[in-house]
Amino acid sequence: MSHYVSNIREPLVNGHKSYHQITEDLVAPTEKAPNLPWVIGFVLAVSALGFGLFCIAWTIWHGIGTWNLNRTIGWGWDITNFVWWIGIGHAGTLISAILLLFRQKWRTGVNRAAEAMTIFAVICAALFPGIHVGRAWVVFYFFPYPNTRGPIWPNFNSPLLWDLFAISTYFTVSLLFWYTGLVPDFATVRDRAKGIRKSIYNFLSFGWTGSAKHWQRWETLSLALAGIATPLVLSVHTIVSFDFATSVIPGWHTTIFPPYFVAGAIFSGFAMVLTLMLVTRTMLKLEDYITLAHIESMNKVILVTGTIVGVAYLTELFIAWYSGYVYEQFAFFNRAMGPYWWSYFGMMFCNVLSPQIFWFKKFRRNIAITFFISIVINIGMWFERFVIIATTLARDYVPSSWSYYTPTWVEMGIFLGTIGLFFTLYLIFTRVAPVVAIAEVKSILKSAGDQYTGPNAIHHHGHDNHGAHASHTHKSSVAETVATAVAEKVATVVDDLKKLEGIGPKVAATLNAAGINTFEELSNANVERLQQILDEGDGNFMGNSPESWPAQAKLASEGKWDELKDLQDRLDGGKY
């Protein structure tokens, strides 16, 4: 009996993986010595971090005067980088939480990297407010404890204070969400470890045993945290936008900022997740788990969010023109035609034009193009924040106070240091925890593994009571690269020869060792050859007669299970 499988849904786990192979592949990076690409990346990241720490120390020692801020432009690279990192961080948990709530199976390849990205990006963002106050030792003024130090105190009506509450709450929920997903995988690593390493992972896994009660509580907590995190994402970047929108400065005082900032955050976050996925995929050899299907799905979201951001840009221009307010119109004219024109057009090209290439499937599935565009988008989103801040402040109401801002080496060094900090933390993370969720990949294997679904499937379930091997007559519609990768693995897949009368586990293993793995191969073998294989095998197969095996195998390969059962009923003897 033939069984048609839809070729719309592409497999999400390639390589015909077994549960044991999944564990081996995903735990291996935490157990083996790091490879050369990882070492090179880590050395570069730590070097950048070291230079950034030097620049931070320089700033604290000499003061904010080491930056190129002036009376007109009081916000420069520091707030630009703060908003950029917050935007990147906010998308990570949202990606994972939304996909979990909507039960999207393709989240398994991206969720762990996305959640880790959130934690590390928020840590990078948190550095800038502490440095920007000028006197880092009075940073405790951020926190709302009883006022016993005089009139200088945070204004509870200020969105700058709302930032502290929103971001710290979001960071806490994201950290819990990320760690909750790690617990089952920490237990898997623990069960394979020895000595002090086993003790450490035992502590990290909180005594996880994998019982039904543990899984029930784990899923309940994951869904609850996902439900909390999703609205938090929207509120946090909305509050970040209020840093600008609640002011009276033309170009900032606009109601479009909250949805505009949220869309931009999701856009930049997806781009950074793609960058991390592609680097991790190559560095840790995870091509079978972070597949072209995952990358294409991510690129579709980037196309949609990039288009939304483009609409927001055009809406700003239209409203500035429609308002008739000359100062607002001048602010936007100045962005495009003023001294910072290069950043405005760089923003437009990177964020609006470059994602449009993903309308074409061959580009959505091209690794090199995807990686390049993900970097371009991250650059473009940085330009967006710079355009909003620097170009708006550079020319105010009084032309005599107009100014031009360029960062100093200290400001650039601090930004480079945060990039180094981000990748240092991420690379360490890839060495201490599985970067793809083991338990979640296993949970979708039977429905999304390439041996069960897709054009190159070997096993299909549910076509009859025998759970038989079914023929698959549909043509492949997935990309040639995926078909080639799968084809290289097909030879290693075996049919369950033990379904045939007279073949037990030892006989099946002997036949497999001789190169007979499928029903079709067995049906084409002659009886003399089969008897020779048994005679030369390690086991005692004196009572096994292979005469009926080719006939049985032929019926099995054709899916004629009722006829096979009738044949087996007529055969003498039992299974060996």
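**Exercise 1. The chain as a whole**

Of the 576 residues of the chain, find what share counts as buried, and then describe the secondary structure and the contacts of the chain.

*Solution.* Begin with burial: 52% of the 576 residues count as buried in this model, which is a predicted one. Next, turn to the secondary structure, which comes to 21 helices and zero strands. Finally, take the contacts between residues at least 6 apart in sequence, and note that 76% of these contacts join residues at least 24 apart.

**Exercise 2. Following helix 4**

Work out how the reach of helix 4 compares with the value expected at 1.5 Å a residue, and decide whether helix 4 is mostly covered or mostly uncovered.

*Solution.* The first step is to locate helix 4, which runs over residues 111-132 and has 22 residues. From its first C-alpha to its last, helix 4 reaches 33 Å, and this is close to the expected 32 Å. For the second part, count the buried residues of helix 4: they number 17 of the 22, and helix 4 is accordingly described as mostly covered. If you continue along the chain, you find Gly134 just after helix 4, with a positive phi of about 90 degrees.

**Exercise 3. A pocket and a cavity**

State how much space lies in the largest pocket, name the residues closest to its centre, and then describe the largest cavity by its volume and its lining.

*Solution.* Start with the largest pocket, which holds about 690 Å³ of space. Its lining is made up of 27 residues, and those closest to the centre are Pro129, Phe142, Leu160, Asp163 and Leu164. Helix 3 (77-101), helix 4 and helix 5 (159-192) each give at least two residues to the lining of this pocket. Sorted by character, the residues of the pocket lining comprise 20 nonpolar, five polar and two charged.

Now move to the cavities, of which the structure holds five of 30 Å³ or more. The largest cavity has a volume of about 60 Å³, and among the residues lining the largest cavity are Tyr260, Glu316, Arg335, Met347 and Ile388. At least two lining residues of the largest cavity come from each of helix 9 (292-323), helix 10 (326-337), helix 11 (341-353) and helix 13 (367-394). By character, the lining of the largest cavity has nine nonpolar residues, no polar ones and two charged ones.

**Exercise 4. Salt bridges and their surroundings**

Explain why the salt bridge between Glu24 and Arg192 ties together parts that are far along the sequence from each other, giving the separation in residues.

*Solution.* Recall that side chains of opposite charge can pair when their charged atoms come close. The structure holds eight salt bridges, and in one of them the side chains of Glu24 and Arg192 meet at 3.1 Å, N to O. Glu24 belongs to helix 1 (residues 19-31) and Arg192 to helix 5, so this pair ties together parts that are 168 residues apart in sequence. As for accessibility, Glu24 counts as partly exposed at 31%, and Arg192 is also partly exposed, at 29%. The pair is part of a network of salt bridges that links Glu24, Glu31 and Arg192.

Which of the residues Arg190 and Asp191 is buried, and which is exposed?

*Solution.* These two residues form a salt bridge in which the closest N and O atoms are 2.9 Å apart. Because buried means under 20% relative accessible area and exposed means over 50%, Arg190, at 10%, is buried, whereas Asp191, at 52%, is exposed.

Apply the reasoning once more to Glu384 and Arg385, whose side chains meet in a salt bridge.

*Solution.* The N to O distance for this pair is 3.6 Å. Glu384 has a relative accessible area of 1% and is buried, and Arg385, at 2%, counts as buried too.

**Exercise 5. Positive phi in the loops**

Find where Phe206 and Lys285 lie, and state whether each is buried or exposed.

*Solution.* Take Phe206 to begin with: this residue is not a glycine, yet its phi is positive, near 55 degrees. Phe206 sits in the loop between helix 6 (195-204) and helix 7 (212-245), and with a relative accessible area of 59% Phe206 is exposed. Lys285, likewise not a glycine, has a positive phi of about 60 degrees. Lys285 is placed in the loop between helix 8 (257-283) and helix 9, and its relative accessible area of 60% makes Lys285 exposed.

Terms used
Residues are numbered from 1 along each chain as its sequence is written. This is a predicted model: local features need pLDDT of at least 70, side-chain atom pairs count only at pLDDT 80 or more; totals for chains, interfaces and linings use all residues. Side-chain values use heavy atoms; hydrogens and water are left out. Helices (H or I, at least four residues) and strands (E, at least two) are DSSP runs, numbered from the N terminus. The expected span of a helix is 1.5 Å times one less than its number of residues. Buried means under 20% relative accessible area, exposed over 50%, partly exposed in between (1.4 Å probe, protein chains only). On a 1 Å grid over the protein atoms alone, a cavity is a set of points where a 1.4 Å probe fits but cannot get out, and a pocket is an open set with protein on both sides within 12 Å along at least five of seven lines; lining residues have an atom within 4 Å of a point. Grid points are joined across faces, edges and corners, and a volume is the space filled by probe spheres set on the points. Ala, Val, Leu, Ile, Met, Phe, Trp, Tyr, Cys and Pro count as nonpolar, Asp, Glu, Lys and Arg as charged, and the others, Gly among them, as polar. A salt bridge is a side-chain nitrogen of Lys or Arg within 4 Å of a carboxyl oxygen of Asp or Glu. Contact means heavy atoms within 4.5 Å.
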